[in-house]
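The following exercises are intended for a reader who meets this structure for the first time. Please work through each task before turning to its solution.

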Amino acid sequence: MKTKKFDFGGWATRNNLKCSDGRTILKDAFKDNDGQTVPLVWNHQHNGPDNVLGHALLENRKDGVYAYCTFNDTEQGQISKILVQHGDISALSIFANQIRERASNVLHGAIKEVSLVLAGANPGAFIDTVALSHGDDADGEAIIYTGEPISLCHSGAKKEDEDGAADDPDDKDEDKNPGKKDDGDEETIEDVINTFNEKQKNVFHAVVGEIMARNGVLNDEEKGGSENMKHNVFDNDQQVQANVLSHADQAEILKLAKSEGVGSFKAAMKIYMEENNLQHSDISGFVQTGNGNVATLFPEYVEAHPSRTPELITNDMGWVDAIMAKTQKIPHGRVRTSHVDIRNIDSLAAKGYTKGNEKKITGNYALVRRTTDPQTVYVTSELHRDDVVDIEDFDYVQFQYGIDQISLKETLAVATMLGDNRPDSDPEKIFPEHIRPVWVDDELYTIHKDIDFAAMAKELQGNNAADYFGESFIYAEAMVTALRMARKGFRGTGKPDLYITTDMHNTMILARDRNGRRIYETDTELAAALGVANIYEVTQFEDKIRTDADNKKHKLLAICVNMADYGYGASKGGDVTHFTDFDIKFNKLQSLLETRKSGQLTRIKSAIVIEELVEEQG
């Protein structure tokens, strides 16, 4: 190897130099590359053969891996050779994979290429991680730069060169360390570490790592941070240093934090940044240094939802939207419904006439008429302007308006189906003579049907029903039977929808036969059996009890109705209107969302209510 010619030499890696990201390359980490030849490229580019400048012979030494580099006779190779000879290019970098590390110590790697790079003035080691996976046995890829200058070499030159560079591959351990002091000078920390054997070095690095962890200086694996820790290996003179607070700076900030009137480290940091002409942002928590790099000293929590708007937790609004979409809109607030009952058509039948006999009156019929007056329903809210200004993540005013809309719609829907359960003495009650509830409406408009589970169980299998059928199956069949039988007197239009309690819906859909097979696989099959268009779960139906004129109690299970037979009457200007105002004295934004309307079933026998008779506890 002594007769081997090469154009220059330089350190590919250096042992025991702590890199800028906290990692340290240990001795013999790349020993498997000893004696291997790898490509010499420009700036780690691989997009064409023009980027290959030559090759590098690698030599593993006690202080690291040394590279003996030779340029090709290509145009790019010779240009690069001139740049190196003139000192325009002064540093090397390597690309390595199969990298493994433990406690921030790089234990093993395989060098795949050596690259000429534009280096800054700061010596030292830097790792630009391409894809470094954490874990004892994890493989990764990295670009590593040592910061050591390269040495020009002439063909067959000896190591006694004026620069003192090691030119001969056989002179492995006799090169001068550029960072090492003369014998007469004081030893550096690096010199002391280099006197350790491998076991002592491992113990030393483990102790240092533990101390750093105790003081909150964690590596990226412990932080759970990104695997892509990229640094600019070509601008080492500006690398990180401007973003690092010195021990003197930290001591000054701590002293300031303990002083009277400050009281917190964050406030002290802000004052220190302002006094030293550094930029600070109170909201984002970023501290920006003079060179434009940003370091997050006080990271803020990030909203999980992309819109950054708080997610609303609401009741199931599917049935509410269905009611609002299907209900007919009457353009007058005062509504009258008129019906003529001619169901006794037999008594009104036409009569035959016999000459000489007196013609008799065919018969009379009843006129049914009901009037409903409107009532105002409203939602009000107020927001402090200070809150509106301070909340910048989302539009606070629009967010509150959305909540008011949901509240108004749900309140109207509940009043329409069930009524307002506030006492009659409450002046804010939505009274049933204005918004007439379907559930408790007159029998002329709403058919009330009690379900008999015991009778259904007996009908299905005598007294031994439990031996053959599950309780869910009996309940499901009882519901289907009750609803179908009630359809006999139904006079609503179209195909109605079923609004049902969650418990009853689950009981029906989970019903099984004696072989364990579900009776109704989907809601579509269940709806077909019930004779309805859609099924909507209504959590507000749970545990609702109605007392009839005979003082009997009935538990609500479901309401079957086509909401096209229910009308909301509202005069011009009575539709939903939004008003806003500002209270100067109390600095508040005020909002009023209101509507003035009436509500009622517009057809007789247009709703069916399925209930369970509640047994009196004796």
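**Exercise 1.** How many residues does the largest nonpolar core have, and which residues have the most contacts inside it?

*Solution.* The model examined here is predicted. Its largest nonpolar core has 34 residues. Those with the most contacts inside this core are Trp319, Ile323, Met417, Tyr499, Phe541, Ile559 and Val561. The next step is to ask which elements contribute. At least two residues each come from helix 7 (318-326), strand 17 (375-384), helix 9, strand 22 (553-561), strand 23 (566-569), strand 25 (588-601) and strand 26 (607-613). Helix 9 gives the most, with six residues. A second, separate core has 32 residues, including Ala482, Val532, Ile535 and Ile610. As general background, nonpolar side chains in soluble globular proteins tend to be buried together.

**Exercise 2.** Determine which residues Met417 touches, not counting residues up to four places away in sequence.

*Solution.* Met417 touches Trp319, Ile323, Pro437, Val438, Trp439, Tyr499, Phe541, Ile559, Val561 and Met563. Among these partners, Trp319, Ile323, Tyr499, Phe541, Ile559 and Val561 also appear in the list of residues with the most contacts inside the largest core.

**Exercise 3.** Explain why the buried residues of helix 13 are on the same side of that helix.

*Solution.* Helix 13 spans residues 502-509, and its buried residues are Thr502, Met504, His505, Met508 and Ile509. These residues cover an arc of only 165° around the axis, and therefore they lie on the same side of helix 13.

**Exercise 4.** Examine the salt bridges, and classify the partners as buried, partly exposed or exposed.

*Solution.* A search of the whole structure finds 10 salt bridges; three of them are treated here.

1. Lys81 pairs with Asp7, with the closest N and O atoms 3.4 Å apart. This pair links distant parts of the chain, for Lys81 is in helix 1 (residues 75-85) and Asp7 is in the segment before strand 1 (8-14), 74 residues apart. Lys81 counts as partly exposed because its relative accessibility is 23%, whereas Asp7, at 17%, counts as buried.
2. Glu59 forms a salt bridge with Arg61, the closest N and O atoms lying 2.7 Å apart. Both Glu59 and Arg61 are buried.
3. Lys429 forms a salt bridge with Asp424, at 3.8 Å between the closest N and O atoms. Lys429 is buried, with a relative accessible area of 5%, whereas Asp424 is exposed at 60%.

Definitions and conventions. Residues numbered from 1 in each chain as written. Predicted model: local features only at pLDDT ≥ 70, side-chain atom pairs only at ≥ 80, totals over all residues. Heavy atoms only, no water. Buried < 20%, exposed > 50% of the residue type's maximum accessible area, 1.4 Å probe, protein only. Helix = DSSP H or I, 4+ residues; strand = E, 2+ residues; numbered from the N terminus. Arc of directions from axis to C-beta. Salt bridge = Lys/Arg side-chain N within 4 Å of Asp/Glu carboxyl O. Core = buried A, V, L, I, M, F, W, Y, C linked by side-chain atoms within 4.5 Å. Contact = heavy atoms within 4.5 Å.
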